[in-house]
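I opened this entry to record what I looked up in the model, beginning with a single backbone angle and working outward from there.

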Amino acid sequence: MAKLEYHSEQKASPKMSVKDLNLYYKDFQALKSVNLDFPAHQVTALIGPSGCGKSTLLKCLNRMNDLVAGCQITGTVFLDGQDAYKEVNVNDLRRRVGMVFQQPNPFPMSIYDNIAFGPRTHGIKSRSDLDVIVEQSLRSAALWDELKDRLKKNALSLSGGQQQRLCIARALAVKPEVLLMDESTAALDPISTAKIEELVGELKDSYTIIMVTHNMLQARRVSDRTAFFLLGEMVEMGPTEILFSRPREKRTASYVSGEFG
Amino acid sequence: MSAKFKEKLASALFGFTAAVSILAVALICLFLFLNGVPALADIGLPEFLFGSTWQPSSGIYGIFPMIVGSIYVTAGAMIVGVPTGLLTALYLSRFANAKIAQFLKPGVELLAGIPSVVYGFFGLMIIVPFIRTSMPGNGFSLLAASLLLGVMILPTVITVAQSALDAVPRSYYEGALALGADHERSVLQVVVPAAVSGLMASVILGVGRAIGETMAVVMVAGNQVQIPTSIFEGVRTMTANIVLEMGYAADLHRGALIATGVVLFVFILLITLLLNLIKRRSEI
């Protein structure tokens with residue numbers, strides 16, 4: 001049965017994929033010929049112990065690794081079949097592939113301006129258009145009812161969980177196609193985490209979501225597919241239930257059973 | 001020696017050294033006010049502050065032209081130094097590559113280390129003759145003082161502004177980039193607004209530096225007691241007034257000069273107050 005599922009997945013053309021991706025920080029090789037597909041409208045979780053390269057891979061997908069001095073990449077990242085490094089403008093890429101960081105990072109400005117920043121960047125100036133986008137984005141992030149009366153307030157006055165959902169709303173405001181989440185609940189309390197997990201479940205209908213998590217339970221709860229990384233290698237990739245219950249690789253089995261971490 | 005005694009000794013030593021600087025400020029205050037206030041009372045505060053004639057030989061002490069002179073020269077220095085300083089700080093903090101910054105930064109620091117009399121000499125030999133040959137007037141002017149002071153406040157403005165910009169969390173910048181904003185937009189629309197209170201502090205410190213500067217200004221400003229009607233006319237600042245006449249002043253004349261110091265002190269006090277206000281507001 002497992003075989004059949006693997007087969008059926010390969011047919012749908014992936015939203016994003018990486019081919020033979022190698023990444024070096026100076027002399028250190030952080031990713032070793034990674035091949036991976038990210039199907040559209042699914043949640044893909046990247047798991048593995050600290051330093052395994054999962055966050056590094058995520059940052060390749062929207063070229064945030066460009067900021068790291070001494071970072072070198074070989075191989076290809078595809079977005080809708082286009083080479084994300086050569087055929088797509090980097091700012092367009094980052095608009096289409098949004099990112100939510102580990103630490104909530106709202107800008108020190110009003111809630112409204114936080115969300116309007118992205119749309120304004122991409123040329124939307126009309127107040128009424130922005131009003132609509134702000135409301136839609138906050139609704140998508142399940143924040144509208146909480147915040148609709150305080151849009152002029154400074155975003156830094158919100159709680160950590162609200163700040164993170166605001167960051168999700170801010171990312172959604174530029175109408176991305178893919179949403180990258182880099183351990184986006186790691187700094188939050190359990191209730192805020194549950195809210196964001198629920199949100200991810202709702203968002204996958206409209207977006208392709210790729211999340212890095214060190215929390216295996218979270219990967220199990222939220223994701224459709226999971227990829228397991230170890231020391232820069234992608235060890236195993238499969239439907240989440242199968243990867244956790246019947247992994248093919250011994251290393252995966254010992255990691256998901258909690259033998260090391 | 002018991003540990004307790006050691007601790008007490010250390011605390012006493014640190015307390016003493018801290019007290020020295022406080023004591024210095026207190027003594028300066030005391031000196032200024034003890035010597036300045038009687039003269040002020042003698043001349044009359046309104047006559048002193050708003051009188052436009054300064055003729056010590058006839059016993060007329062009005063420092064209004066000097067107050068205006070200090071304000072004009074400071075404003076001129078701001079016009080020259082603030083845009084240059086802020087943009088340099090922005091460049092050093094966010095645009096310059098490591099190699100260029102490696103040269104620029106020590107250069108800026110060196111600028112801060114040049115004695116003001118050397119600045120004055122530079123102004124005297126280069127700026128004043130340049131203005132004399134290419135513009136109206138004899139060169140000793142508000143313009144010369146403003147240009148020179150504008151350069152002199154650069155290190156203050158640049159270093160304070162740059163540390164304010166450098167202190168903006170990296171996550172703001174990365175957050176903006178991740179939304180598809182380019183480097184310029186991320187810096188100008190997110191990083192700069194986040195640093196705005198520090199940038200204001202840099203400007204205010206620049207004002208403080210400019211208003212208190214004496215030597216370089218005396219050398220290039222012409223020092224006529226007048227309210228200048230153009231930037232090519234000479235001007236005398238409060239600091240220049242004090243240093244030019246202190247050597248031979250006696251009695252009420254001397255008191256009037258010290259009272260000028262009191263006025264200057266009040267200006268600096270207001271600037272410091274403003275600075276603290278901004279700092280406190282940014283902490284909320």
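I started at Gly123(A), which follows just after α4(A) and takes a positive phi of about 95°; I note that this is a predicted model.

From there I went back to the helix itself and asked how many residues of α4(A) are buried. Helix α4 of chain A spans residues 111-121, and nine of its eleven residues are buried, so the helix is largely enclosed by the rest of the structure. I listed the buried positions as Ile111(A), Tyr112(A), Asn114(A), Ile115(A), Ala116(A), Phe117(A), Gly118(A), Pro119(A) and Thr121(A).

Next I looked up what these buried residues pack against, and found α5 (127-140), α6 (144-147) and α7 (160-172) of chain A, together with α8 and α9 of chain B.

Since chain B appeared in that list, I turned to the interface, where 17 residues of chain B are in contact with 24 residues of chain A. The area buried between the two chains is about 1,600 Å², with carbon and sulfur atoms giving 68% of it. On the chain B side, Ala178(B), Leu179(B) and Arg185(B) lose the most area to chain A, together 38% of what that side buries.

I then checked which helices of chain B supply this side: α8 (170-178) and α9 (183-194) each supply at least two residues, and α8(B) gives the most, with nine residues. By residue class, the side of chain B that touches chain A divides into nine nonpolar, four polar and four charged.

Last, I looked for specific pairings, and noted zero salt bridges between chain B and chain A, while three residue pairs are in polar contact across the interface.

How values were computed:
Residues numbered from 1 in each chain as written. Chains lettered and ligands numbered in written order. Predicted model: local features only at pLDDT ≥ 70, side-chain atom pairs only at ≥ 80, totals over all residues. Heavy atoms only, no water. Contact = heavy atoms within 4.5 Å. Buried area = accessible area lost by both parts, 1.4 Å probe. Salt bridge = Lys/Arg side-chain N within 4 Å of Asp/Glu carboxyl O. Polar contact = N/O pair within 3.5 Å; in protein donor to acceptor, adjacent residues only side chain to side chain. Helix = DSSP H or I, 4+ residues; strand = E, 2+ residues; numbered from the N terminus. Nonpolar A, V, L, I, M, F, W, Y, C, P; charged D, E, K, R; others polar. Buried < 20%, exposed > 50% of the residue type's maximum accessible area, 1.4 Å probe, protein only.
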